[in-house]
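Here is a walk through a two-chain model, written for someone who likes to know the cut-offs behind the words. Have a look at the structure first, then read on.

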Amino acid sequence: MTNALNEIKPPVIELGIIGWLRKNLFSTWYNTILTILGIYLLYSILPPLFNWIFFDANFVGSSKDECTKDGACWIFIKQNLKLIFYGLYPTEELWRINTAYVMLLIAGIYLLIPNLKNKGWVGAFLLIPFPIICVYLFSGGAGLTNVETRLWGGLFLTLVIAGVGIVLSLPIGVLLALGRRSKLPIVSLLSTIFIEIWRGVPLITVLFMASNMFPLFMPEGVNFDKLIRALIGVMFFSAAYLAEVVRGGLQAMPKGQYEASQAAGLTYWKMMALVILPQSLKMVIPAIIGSFIAIFKDTTLVLIIGLFDFLGIIQFVGTNPDWLGFSHEGYVFAAAVFWIFCFGMSRYSQNLEKKLDTGQ
Amino acid sequence: MNTFKMWILSLTASIVMMPAAFAGTLDTVKSQGFFNCGVSQGVPGFSNPDENGNWSGIDVDVCRAVSAAVFGDPDKVKYVPLTAKERFTALQAGEIDVLSRNTTWTLSRDAQIGLEFAGVNFYDGQGFMVRKDSGISSAMELDGASVCTNLGTTTELNMADFFRANGMAYEPVVFEKADEVVNAYDEGRCDTYTTDKSGLAAQRTKLADPDAHVVLPETISKEPLGPVVREGDGDWADVVRWSLNAMIEAEEFGLTKSNAKTECALTSNPVVARLCGKEGATGAGLNLGESWSYDIVTMVGNYGDVYETHVGENTPVGLARAGSPNASYKNGGVLYAPPAR
């Protein structure tokens, strides 16, 4: 105890807030300059930005006349929220989309809570029956009015395109990656050709071909739905990218893993499904999620084929003569929503990596 | 490249067109109970959404008029939003039956790629907007000006032609999207902003102080906009053409959406009586019911009604009709419909 009394404490300026500041922001003369510059930049950007977004903005009201134009006019977003979220989908049928959202939300929350039982079943439900239920709910059929895809739009359409692109492109990508590494020459050749062709063209070209050239090759009256054409394009495009990501994971696997599983008497598919893929997919999670985020953002390109995705519909509602001149608000809102989704995926990926980490 | 593209287009068009010519769009449309109308992805006043997500605008009303004529109901239309690039393909491939998407009627479009223009529902033309305090009152005073405009449209070419023809210097400031052009002009990065006059009027409402700007009187290009149908299907083209003409003629004879019911009951004017479907059997010639033109006027309105509702002076678009080519020929415009008899 007496020793403790005599112990000399470090000088105050090394501790607490001041110490932290000294160590991290003002350690050398150039760091000090950079810090001051940074603070000045933040000072000149942030207050006007916050004023525009929050303090001078208009939130209450229902028409353009109630916008003071001092800051953002969020009334524009508020009044058009139904269009922005659901597109031109008939109002009396919106419950169908909402039902699917609720199902997805419940299943998603169930999967995210740790230590719950039967997660496998919930996952399987999301992968197989859920998409079928969605197709039935969204487009209609027995008992439900038919809602054509030309009425789909807004955030709903973005989620449909991104969802289909993400969910279907992963298995196709895995198959293509396996195919490309296959010892069967034709399988390998076809996979390589497929990957290189789809990866070698910009998505905008794929969509443009699907929308403009494809109908000319079809006989009169035979019309594939425009959305389906776009979906197939997005799906193959992202599958080609994922195939290369997955192939990277496969190549990173030590040869011993292959040899050990063959020695254990596993067939090719068992070896892949039980030993190789689980390990190699885990290694490339960051790259896979990176591709998913890219797909999500790429969905905005469907605007060029006349589909109104989230961004497209915001531009579209801005052409209502009653709401001309609010493109800034629209773009800021779109950016915020896109960021929320992409950041969510990114966090999920980190979470997944931690959970699957076996300390290798 | 261009000839090659044309060759591909006309070849594919001729293949695709064959069955269409035999089937007859009007019969197909009647039997399926609706038709598809290609519109824009949002041009204020021409085809844009209202807050409930319904299409409105003067281009949309051409489709509604056709629907009223064929079905006696203006809402048997499915609207297909199209980009400028895909609009003609969509028409040739049969995805749409009428293209009503502020499309300029030109010789090359009419002659080469299997399209037929059914008339003109808006006479547009390129103009210039300047700040009032610049003191400029005519486009001829724009020598040396910096000009904001959109990239890669005919607007850019017309502008080049205009300045070259008048021996004036100019500095183009070019952007991809209309919103960017408006912002640049509003921030003073250029002296004048040029695009079609209908566009100028709509974009002006986006400026910080719309009243501080003025559209110059000169119109430097001809942009007659109108509905388009597939070539080689005369019956359907007639229906679209006369639906538009009926709206124009109804206005010439003072038949409006609000007075049509009473006027038709009282009229002794044979032209009005024909428009009301009371005599002349105009519908039979078009394979339509006799009330086709009456339905158009009562359900959609005459041309003046439609114009004032969507782009007239009391709308945010605010295009004055008097003195423009879109006025009726009786008021000095060029809008003139052949007699519906």
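B:Gln126 is buried, because 26 other C-beta atoms lie within 10 Å. (Buried means 20 or more other C-beta atoms within 10 Å of the residue's own, exposed means 12 or fewer, and partly exposed is in between, with C-beta atoms placed from the backbone.) B:Gln126 sits in strand 8 (residues 126-131) of chain B. Helices (H or I, at least four residues) and strands (E, at least two) are DSSP runs here, numbered from the N terminus. Which residues does B:Gln126 touch, leaving out those up to four places away in sequence? The contacts are B:Thr155, B:Asn158, B:Thr194, B:Thr195, B:Asp196, B:Thr219, B:Ile220, B:Ser221 and B:Glu223. A contact needs C-beta atoms, placed from the backbone, within 7 Å. B:Thr83, by comparison, is 43 residues from B:Gln126 in sequence and 21 Å away in space, C-alpha to C-alpha.

A word on the ground rules: this is a predicted model, where local features need pLDDT of at least 70 and side-chain atom pairs count only at pLDDT 80 or more, while totals for chains, interfaces and linings use all residues. Residues are numbered from 1 along each chain as its sequence is written, and chains are lettered from A and ligands numbered from 1 in the order in which they are written.

**Domains.** The bounds come from an automatic or database domain assignment. Chain B gets domain 1 (2-123 + 224-331) and domain 2 (126-221). Their C-alpha centres are 30 Å apart, and the contact between them takes 8 residues from domain 1 of chain B and 4 residues from domain 2 of chain B. On the domain 1 side of chain B, the touching residues are 6 nonpolar, 2 polar and no charged. For these classes, Ala, Val, Leu, Ile, Met, Phe, Trp, Tyr, Cys and Pro count as nonpolar, Asp, Glu, Lys and Arg as charged, and the others, Gly among them, as polar. Chain A is assigned domain 1 (2-55), domain 2 (80-87 + 157-356) and domain 3 (90-146); the C-alpha centres of domain 1 of chain A and domain 2 of chain A are 43 Å apart.

**Strand pairing in chain B.** Two strands pair if DSSP finds at least two bridges between them. Here are four pairs, each with one example of bridge partners.

| Strands of chain B | Bridges and sense | Example partners |
|---|---|---|
| strand 1 and strand 4 | 5 bridges, parallel | B:Gly38 and B:Val80 |
| strand 1 and strand 5 | 2 bridges, parallel | B:Cys37 and B:Val98 |
| strand 9 and strand 10 | 6 bridges, parallel | B:Ser146 and B:Glu171 |
| strand 9 and strand 11 | 2 bridges, parallel | B:Cys148 and B:Tyr193 |

Strand 1 (residues 35-39) of chain B is mostly covered, with 5 of its 5 residues buried. In a regular strand, side chains alternate between the two faces of the sheet. Both faces of strand 1 of chain B are covered: B:Phe35, B:Cys37 and B:Val39 are buried on one side, B:Asn36 and B:Gly38 on the other.

**Two helices of chain B.** In helix 7 (residues 178-186) of chain B, the buried residues are B:Ala178, B:Val181, B:Val182 and B:Tyr185. They are on the same side of helix 7 of chain B because they cover an arc of only 95° around the axis, the arc being that of the directions from the helix axis to the C-beta atoms. What do these buried residues of helix 7 of chain B pack against? The partners are strand 9 (145-150), strand 10 (170-175), strand 11 (192-196) and helix 8 (197-204) of chain B. Just after helix 7 of chain B comes B:Gly188, with a positive phi of about 80°.

Helix 13 (residues 292-299) of chain B is mostly covered: 7 of its 8 residues are buried. Its buried residues pack against helix 3 (58-71), helix 9 (234-252), helix 10 (260-266), helix 11 (270-275) and helix 12 (282-285) of chain B. B:Gly301 follows helix 13 of chain B, and its phi is positive, near 115°.

**Between the chains.** In all, 32 residues of chain B are in contact with 26 residues of chain A. Helix 1 of chain B gives the most to the chain B side, with 4 residues. By class, that side has 13 nonpolar, 11 polar and 8 charged residues.

Methods
Contact = placed C-beta atoms within 7 Å.
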